[in-house]
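Colleague: Please take a close look at one part of this model, beginning with a single loop residue and its placement. From there, kindly extend the account to the cross-links and to a few other loop positions.

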Amino acid sequence: MRIKLFSWLYFLPLCSIFFGIHVALVSGDCLGDGRVCLEDEMMLLLQLKSTLKFNDAASNKLVSWNQSTHCCSWGGVIWDATGHVVSLDLSSEFISGGFNGSSSLFNLQHLQRLNLANNTFSSQIPPGFGKLDNLIYLNLSEAEFYGQIPIEISGLTRLVTIDFSILYFPGLPRLKLENPNLRMMVQNLTELRELYLDGVNISRKDISDCDFSGPIPKAMADLTQLVYLDFSNNKFSGSIPPLSLSKSLTHIDLYHNYGIYLFHNNLTGPIASFHWDGLVNLVVLDLSNNALNGSLPTQLFSLPSLQTIRLRNNQFSGPLSEFPVVPFSALNTLDLSSNNLEGPIPESAFHRQSLNILDLSSNKFNGTVEPSSFQKLGNLTTLSLSYNFSINAGLATPALLLPLNLTALKLASCKLRTFPDLSTHSGLAYLDLSDNQISGSIPSWIWKIGNGSLTYLNLSHNLLEDLQQPLSNLPPLLSTLDLWFNQLRGPIPTPPLYSIYVDYSNRFTSSIPHDFGLYISFTIFFSLSNNNITGIIPKSICNATDLQVLDLSDNAFGGTIPSCLIQNEHLAVLNLGMNRLIGNIPWELGHMCSLQTLDLNENILDGKIPKSLANCEALEVLNLGNNGMNDTFPFWLKNISSLRVLVMRGNKFHGHIGCPDSNSTWPMLQIVDIALNNFNGGLPEKCFSNWRAMMAGEDDVQSKSNYLRFKILQFGQLYYQDAVTVTSKGKEMEFVKALTIFVKLRKIRIFERNIKW
């Protein structure tokens, strides 16, 4: 399970004065000139050692503290010229307790640096730290302290660096800043340059498993010494305070401050031009994945040190003005994708020769881009113009000249009619030409792009008809091959050796070779839907043990369902609908069943629903419609609380429609179709009262249920979208975004001519 960490990080590099102090502490020998460590200080350390619980065998510092050895050999201790302890490092000493407010540690009045990181104190931070008023460095990270950070810390006005960071796991106690809050904690710490609060709960209310929320403090606008600001991956709301007083600021990262409900729990408002006045040292600006709006100020593009601008996935709108002329511009990354920007792309965008990454995709730009524009961007490695405008159709031919250094090219939905000639691009690894108007054959040179380095190829949703012969072996490193929704004919191409995602949904014919499974042994997603594939499903597919999604629907497969296939414990989506499969559903499903979607509709299956289907506790869609199955109502699936769609239409099911004595049977169920069967008796009222998700409004469906889909790669953006066919008044309608649309159809008659009284 992926644990998502949330951080609130102030990071300001140390000033030269601090470095000077640090050098003074560690330079020279221990004392020199025959001077000795003060007896009182030594006794305080020995007393501290005696009260701490630590592992003698693992310790390499505390274990060396002994009256019989010279104090200069005591691990982790630094003495000043007068014999006082000025630095104490007890990090990673396997300390497990014995630390409280009466500790002798707090009597070391000359202490300037204290590091207790990576221990297991399992206690609150004692208020005694407030006595160490000479501290300039305090590190309590990963020390398993919990509870409120004491107000006494705010009195340590000489502090330059504080580290309270923790690797937080949900359900465990952690540090928090509530009373005092963050402003109260830092308002007197005028020398503070570094403050690490990763994993610390700073929200005003302690909401379980939710991290920082509420507005960004307006006091941020007054931090004149701020150098590094990272508030990414939180749930802050409201506007961004102006930061123009922070003249030394080099890094601003407010990426992804989305909340649970996106329409009221994220950063909003415009970014005014005066916010950026004087930020001549700014190097990185990342405001991605928020709900910021308004026009983009031209001042952003005039900042001389700015190297990275990432503003994707916001609501910025209006035209993009011509970029100011900046001599020796350092800008290498410009990402304005997924906004509402409109009008033509300014010609000056193609004059920034330092650009490595240019992403203007998914906006509302119009007009055309002349192919000659790209020639000026000789250092460009990533170009994404997808879903905007057209590249001049008259010149969008193989003569289209693109920078030779490209490693990623994304020109989806750019009205291309032919393939650009990329045969000389030796470094290209990612190519997306989907959703265009390219017709004819897929050229054989496309498989040789990048000298075998091509890892992603998306040619889906074009007008392609065949693969140019002779068809050489596909690049072995090609992990994603998407040919969906073309008009490709002929035999099925052999997938790349190390493919992860393969979609061959076209008009391919023939049958699947018997050893086909050997070529998809690393594949997670494989689709052959909407073809005309005949023959049987070969058992070799069971060798593809990493498969999570297998879609062979809408073909002409015959024979039976291989039992080994349905026993694959990693398989989450199995769609064999609209074929000519016969026989029973294999009876034994594994105890570790991961199925979320099982779609077997419109085959010639008979027999009963296997009882082992109850092992599939994550099942959301069960579609057995339009077969010849003969069984009773599957009340024994009662414990599958995730079930959302149950289709049994057009079979030979019989008996009563019964619900077990349970108040929680299928609470997520939203679509039920049991029409055209042989059920008898009445419709049990208790069933309908338990199916509460059917009563949800449209907003509830979108926020709680969401669409029927399966995320293919845990860290990617690939989804398998389920489709459900619903019959209303004898008319069949297929819905892809099934649950949201279904709520709008309040009068659909799910039960139709299926109950015998």
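Modeller: Ala-81 sits in the loop that runs between strand 3 and strand 4 (85–89). The model is a predicted one, and the values that follow are computed from it. Because its relative accessible area is 41%, Ala-81 is classed as partly exposed. Along the chain, 45 residues separate Ala-81 from Val-36, and the C-alpha atoms of the two are 9.0 Å apart in space.

Strand 3 also helps to place one of the cross-links. Over the whole structure, a search finds three disulfides. One of them is formed by Cys-37 and Cys-71, with 1.7 Å between the sulfur atoms. The torsion about this S-S bond is about 70 degrees, and the disulfide of Cys-37 and Cys-71 is therefore right-handed. Distant parts of the chain are linked by this pair, whose members are 34 residues apart. Cys-37 belongs to the loop between helix 1 (16–26) and helix 2 (39–51), whereas Cys-71 belongs to the loop between strand 2 (53–54) and strand 3 (77–79). Both ends of the link are covered: Cys-37 counts as buried because its relative accessibility is 5%, and Cys-71 is likewise buried, with a relative accessible area of 4%.

A further disulfide is made by Cys-542 and Cys-564, whose sulfur atoms are 2.0 Å apart. Here the torsion about the S-S bond is about 70 degrees, so the link of Cys-542 and Cys-564 is right-handed. This pair, too, connects distant parts of the chain, with 22 residues of separation. Cys-542 lies in the loop between strand 35 (525–527) and strand 36 (549–551), while Cys-564 is part of helix 4 (residues 563–566). The two ends fall into separate classes of accessibility. Cys-542, with a relative accessible area of 17%, is under the 20% limit and so counts as buried. Cys-564 has a relative accessibility of 29%, which means that this cysteine is partly exposed.

The remaining pair to describe is Cys-593 and Cys-616, joined by a disulfide with an S to S distance of 2.0 Å. The torsion about the S-S bond is 95 degrees, and the link of Cys-593 and Cys-616 is right-handed. Cys-593 is placed in the loop between strand 38 (582–583) and strand 39 (597–599), and Cys-616 in the loop between strand 40 (604–605) and strand 41 (621–623), so the disulfide ties together parts of the chain that are 23 residues apart in sequence. Cys-593 is buried, with a relative accessible area of 13%. For Cys-616 the relative accessible area is 0%, and this residue is therefore buried. Another buried cysteine to note is Cys-414, with a relative accessible area of 0%.

Two loop positions repay attention for their surroundings. Asn-388 occupies the loop between strand 26 (382–384) and strand 27 (390–391), and with 16% relative accessible area this polar residue is buried. What does its side chain reach? From Asn-388, the side chain comes to 2.5 Å from the backbone oxygen of Leu-360. A polar atom of the same side chain of Asn-388 lies 3.3 Å from the backbone oxygen of Ser-386. Leaving out residues up to four places away in sequence, Asn-388 touches a run made up of Leu-360, Ser-361, Ser-362, Asn-363, Lys-364 and Phe-365, together with Ser-413.

Leu-422 is found in the loop between strand 28 (408–410) and strand 29 (430–432). This leucine counts as buried because its relative accessibility is 1%. Neighbours within four places in sequence aside, Leu-422 makes contact with Leu-402, Leu-409, Leu-428, Leu-431, Trp-445 and Ile-449. The C-alpha atom of Leu-422 is 8.8 Å from that of Leu-404, a residue 18 places away along the chain.

The surface offers a contrast to these covered positions. Phe-522, in the loop between strand 34 (501–503) and strand 35, is partly exposed at 41% relative accessible area. Phe-522 joins Leu-477, Leu-497 and Tyr-498 in making a nonpolar surface patch of about 380 Å².

Key: Residues numbered from 1 in each chain as written. Predicted model: local features only at pLDDT ≥ 70, side-chain atom pairs only at ≥ 80, totals over all residues. Heavy atoms only, no water. Disulfide = S-S within 2.5 Å. Helix = DSSP H or I, 4+ residues; strand = E, 2+ residues; numbered from the N terminus. Buried < 20%, exposed > 50% of the residue type's maximum accessible area, 1.4 Å probe, protein only. Polar contact = N/O pair within 3.5 Å; in protein donor to acceptor, adjacent residues only side chain to side chain. Contact = heavy atoms within 4.5 Å. Patch = residues over 30% accessible without salt bridge, like charges linked within 9 Å, V, L, I, M, F, W, Y side chains within 5 Å. Areas by Shrake-Rupley, 256 points an atom, 1.4 Å probe, with all protein chains shown as cover. Salt bridge = Lys/Arg side-chain N within 4 Å of Asp/Glu carboxyl O.
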